[in-house]
Amino acid sequence: MKKQLLMAMMVSMTMPLMAQHINVSTNNTSLILDAHQGGGLQFVYYGQHLNDRETEQLFSDGRQHLDAYPAYGMQTQHETALSVVHSDGNMTLDLAVEAIETRSETNATVKVVKMKDKYYPFYVNVCYRTYPDKDIIETWSEYSHKEKGTVKLTQFASAYLPIRYGQVWLSHLYGTWANEGRVETEPLQHGMLVIQNKDGVRNSHTSHAEVMISLDGKPQENHGRVIGAALCYSGNYKLRFDTDDSNYHHFFAGINEDNSAYNLKAGENFATPVLALAYSNEGMSGVSRCFHSWARSYKIAHGTQVRPILLNSWEGVYFDINEQGMDQMMADIASMGGELFVMDDGWFGTKYPRKNDFSSLGDWLVDPQKLPHGINGLLASAKKHGVKFGIWIEPEMANTVSILYEKHPEYIIKPTNREPRLGRGGTQVVLDLANPKVQDLVFTIVDTLMTNYPDISYIKWDANAPVMNHGSQYLTRDNQSHLYIEYHRGFEKVCNRIRAKYPDLIIQACASGGGRANYGVLPWFDEFWVSDNTDALQRVYMQWGTSYFFPAVTMASHISAAPNHQTFRTIPLKYRIDVAMSGRLGMEIQPKNMTDKEKQQCRKAISEYKEIRPIVQQGDIYRLLSPYDKLGCASMMYVQPDKQKAVYYWWKTETFVAQQLPRIPMAGLDPGKNYRVRELNRVDQAPLAFEGKSFSGAFLMENGLEMPLEHNMPWGEKNDYASRVLLLEAE
Ligand code: DGJ
């Protein structure tokens with residue numbers, strides 16, 4: 001009986017087929033493929049959800065069906081997702097569908113289209129994962145073979161998506177250190193557009209592995225059909241858009257294969273990273289909401305929990321760590337209502353104390369000169385002040401001036417026969433995570449800290465160097481091209497071990513600022529440092545772009561000093577608070593240098609942030625007016641999913657006398673509810689016209705509210721900035 005049941009289940013899971021439509025659906029979207037036994041897998045449709053009748057109509061509306069996963073060899077004139085060199089030197093693939101398998105995971109359903117080359121025992125699985133209630137389709141590919149010898153993979157994209165030619169625009173994020181997440185939009189035109197990363201370690205400086213594809217002309221925030229795509233990978237990637245003479249833009253996304261050809265052994269399985277796709281007809285904000293909701297549930301460590309409000313020591317004291325200073329900062333953040341203190345760089349090094357960035361990475365022992373009572377002393381201070389304690393490490397790196405390097409020069413990435421290229425501080429090198437001994441070392445750094453000091457609640461995990469020179473001292477001569485891939489496999493193995501042992505630890509991904517804003521790391525990390533640039537005005541732009549794919553709960557956003565340490569711009573505290581409060585609020589400042597009035601202003605802001613924290617960190621985003629539109633202001637809001645509460649932000653982005661700014665309709669509210677308006681972080685002498693008044697959601701979404709051009713402040717306190725944060729509560 002048991003055997004019969006098992007047989008029945010097997011049949012329902014793996015379907016041999018003659019010809020079959022494959023329907024990969026979420027509540028609001030459909031991806032339709034066509035598979036033929038012994039023939040190819042074809043892409044038919046991706047977009048708004050279709051019912052059965054409409055799905056049938058796809059097969060008579062004249063549309064072209066394209067290869068869903070084009071492989072190189074038998075149609076060599078086209079761009080491809082996969083290309084290989086078989087063990088006998090043959091460079092072609094001709095894939096045929098063998099079966100379709102459906103399997104259930106704890107929270108998801110996976111459909112696998114199993115293909116095999118018509119001649120070679122080379123197998124390709126094209127996979128799709130969907131979740132209940134999330135409008136995201138994850139897709140990736142897997143390869144294996146039974147050939148004699150290895151098969152060289154020379155191109156191995158996770159996925160391919162054809163996009164019908166028309167008014168198609170691309171929005172993507174570019175940037176660099178201290179200027180991350182900048183939005184760039186352009187129409188897709190003929191030729192090849194490539195967005196890629198080759199850093200080796202940090203993949204979201206220079207550009208991002210996520211793109212928005214607007215199908216109805218110039219990108220809009222709340223209107224039009226948009227596809228969003230995010231490659232969930234921490235390493236080098238390549239996104240290609242080929243616009244040829246066909247009716248399609250051909251979009252490929254995957255690991256960057258440059259200098260990364262992979263020798264696949266018989267019996268080995270190679271799985272590409274996931275490409276997550278979302279479709280919305282509610283503009284780019286609609287796509288963002290799909291990504292945020294999926295990510296909070298499945299792709300971010302503790303994504304459905306709110307984050308503590310913290311003070312980080314970096315901009316306050318830089319490397320000048322000492323016991324008394326740390327105690328004072330803890331007392332200060334506690335007095336302002338903060339919940340966590342994070343001691344940044346500069347606390348470690350015995351033989352080589354970390355006084356600057358010239359030395360000590362790798363030697364994760366407390367500097368006894370700076371901290372005579374060690375970490376236990378700091379934990380005692382934290383307890384005394386009633387805050388939690390966090391610590392900075394950079395475990396993937398070493399300095400050549402360190403005990404670690406003296407003992408294990410073989411642990412670093414460098415080519416044989418050459419001296420290594422040195423990075424930050426003139427001595428920084430990257431450890432070779434392809435090497436299992438290095439994986440153990442990196443795990444042990446975290447494990448030792450956590451075993452010795454179990455009260456540590458938060459780790460800031462930094463990574464401040466690229467792989468500058470190609471060479472693994474661990475990988476064999478034949479497999480040197482595996483370096484980048486094995487580095488990130490090693491990184492994932494370490495992360496898995498850490499999370500298995502320390503599931504509750506909060507971990508921030510920092511990489512020279514925002515170098516690791518990606519869904520390759522977030523399953524193990526709670527948040528990332530958006531940028532080393534804390535200038536509030538520039539943050540409006542950077543956080544805007546970053547929010548395209550990442551929810552506020554991941555975006556560390558700190559109130560810092562004026563003049564700002566990166567731009568030297570002097571921005572009033574009110575504006576600095578109002579920008580930081582649109583992400584995961586924290587402080588990055590020396591509170592000792594703040595006046596009592598400023599501290600009181602922050603105390604009030606922290607208390608008000610606690611009130612709105614669940615809305616900001618767990619709510620639905622509606623970006624209203626982009627700073628990139630250069631209309632003088634920017635505005636966005638977060639709405640609680642039950643639409644009972646919302647937080648509205650408005651920031652002036654430039655100032656002129658007699659300026660004419662647009663009035664901005666709100667979005668995402670319940671038209672039938674009445675919302676009472678309360679201004680937060682108020683500095684004006686008199687309340688705003690609408691303070692305490694209520695308006696229907698319909699009115700607010702049609703008209704918005706009139707924002708005064710400046711703050712009503714006494715002469716002498718007036719300044720050239722203006723911003724507003726409004727809490728809307730349904731009555
Ligand atoms: C780079 C990070 O982005 C900063 O926040 C800080 O932690 C420094 N590293 C410390 O060296």
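In what order do the six strands of the open sheet follow one another, and is their pairing parallel or antiparallel? In this predicted model, the strands of the open sheet are arranged in the order S32-S33-S34-S37-S35-S36, and the pairing is antiparallel. Strand S32, which covers residues 620–625, and strand S36, which covers residues 694–696, stand at the edges with a single partner strand each, so that one side of each is left without a neighbour in the sheet. On average, and with direction ignored, neighbouring strands of this sheet are turned by 25° against each other. Within the sheet, strand S33 (residues 633–639) and strand S34 (residues 645–652) run antiparallel and are joined by seven bridges, and Ser635 stands opposite Trp650 of S34.

Two helices are in contact with the open sheet. Helix H11, formed by residues 573–580, lies across S34, strand S35 (674–680) and strand S37 (723–730), and runs at about 50° to S37. Helix H12, formed by residues 596–618, packs on the sheet as well, where it touches S32, S33, S34, S35 and S37, and its direction makes about 95° with that of S34.

A second arrangement of strands is a barrel, closed by eight strands in the order S22-S23-S24-S27-S28-S29-S30-S31 with parallel pairing. From one strand to the next, the twist of the barrel averages 30°. Strand S22 (residues 310–312) pairs with strand S31 (residues 584–588) in the parallel sense over two bridges, and Leu311 stands opposite Met587 of S31. The helices described for the open sheet are also found against the barrel: H11 lies across strand S30 (555–560) and S31, running at about 170° to S30, while H12 touches S30 and S31 and has a direction that makes about 150° with that of S31. Helix H11 thus lies across strands of the open sheet and across strands of the barrel, and helix H12 likewise packs on the open sheet and on the barrel strands S30 and S31.

Two backbone features were noted in loops that adjoin strands of the barrel. Most residues other than glycine have a negative phi, and most peptide bonds are trans. The peptide bond from Ala562 to Pro563, however, is cis, with omega near -5°, and Pro563 lies in the loop between S30 and H11. Ser512, a residue other than glycine, has a positive phi near 50°, and is found in the loop between strand S28 (506–509) and strand S29 (527–529).

The model also contains a ligand, which is surrounded by 13 residues, of which Asp344, Asp345, Lys460, Asp462 and Asp532 come nearest. By character, the residues of this shell divide into four nonpolar, three polar and six charged. An oxygen atom of the ligand lies 2.7 Å from an N or O atom in the side chain of Asp344, and for the side chain of Asp345 the corresponding distance from a ligand oxygen atom to an N or O atom is 2.6 Å. In the case of Trp392, an oxygen atom of the ligand is 3.1 Å from an N or O atom of the side chain. Taken alone, the ligand exposes 290 Å², and 98% of that is buried by the protein.

Note on methods:
Residues numbered from 1 in each chain as written. Predicted model: local features only at pLDDT ≥ 70, side-chain atom pairs only at ≥ 80, totals over all residues. Heavy atoms only, no water. Pairing = 2+ DSSP bridges. Helix = DSSP H or I, 4+ residues; strand = E, 2+ residues; numbered from the N terminus. Axes fitted to C-alpha atoms, helices over the stretch in contact; angles between N-to-C directions. Contact = heavy atoms within 4.5 Å. Near = heavy atom within 4 Å. Polar contact = N/O pair within 3.5 Å; in protein donor to acceptor, adjacent residues only side chain to side chain. Areas by Shrake-Rupley, 256 points an atom, 1.4 Å probe, with all protein chains shown as cover. Nonpolar A, V, L, I, M, F, W, Y, C, P; charged D, E, K, R; others polar.
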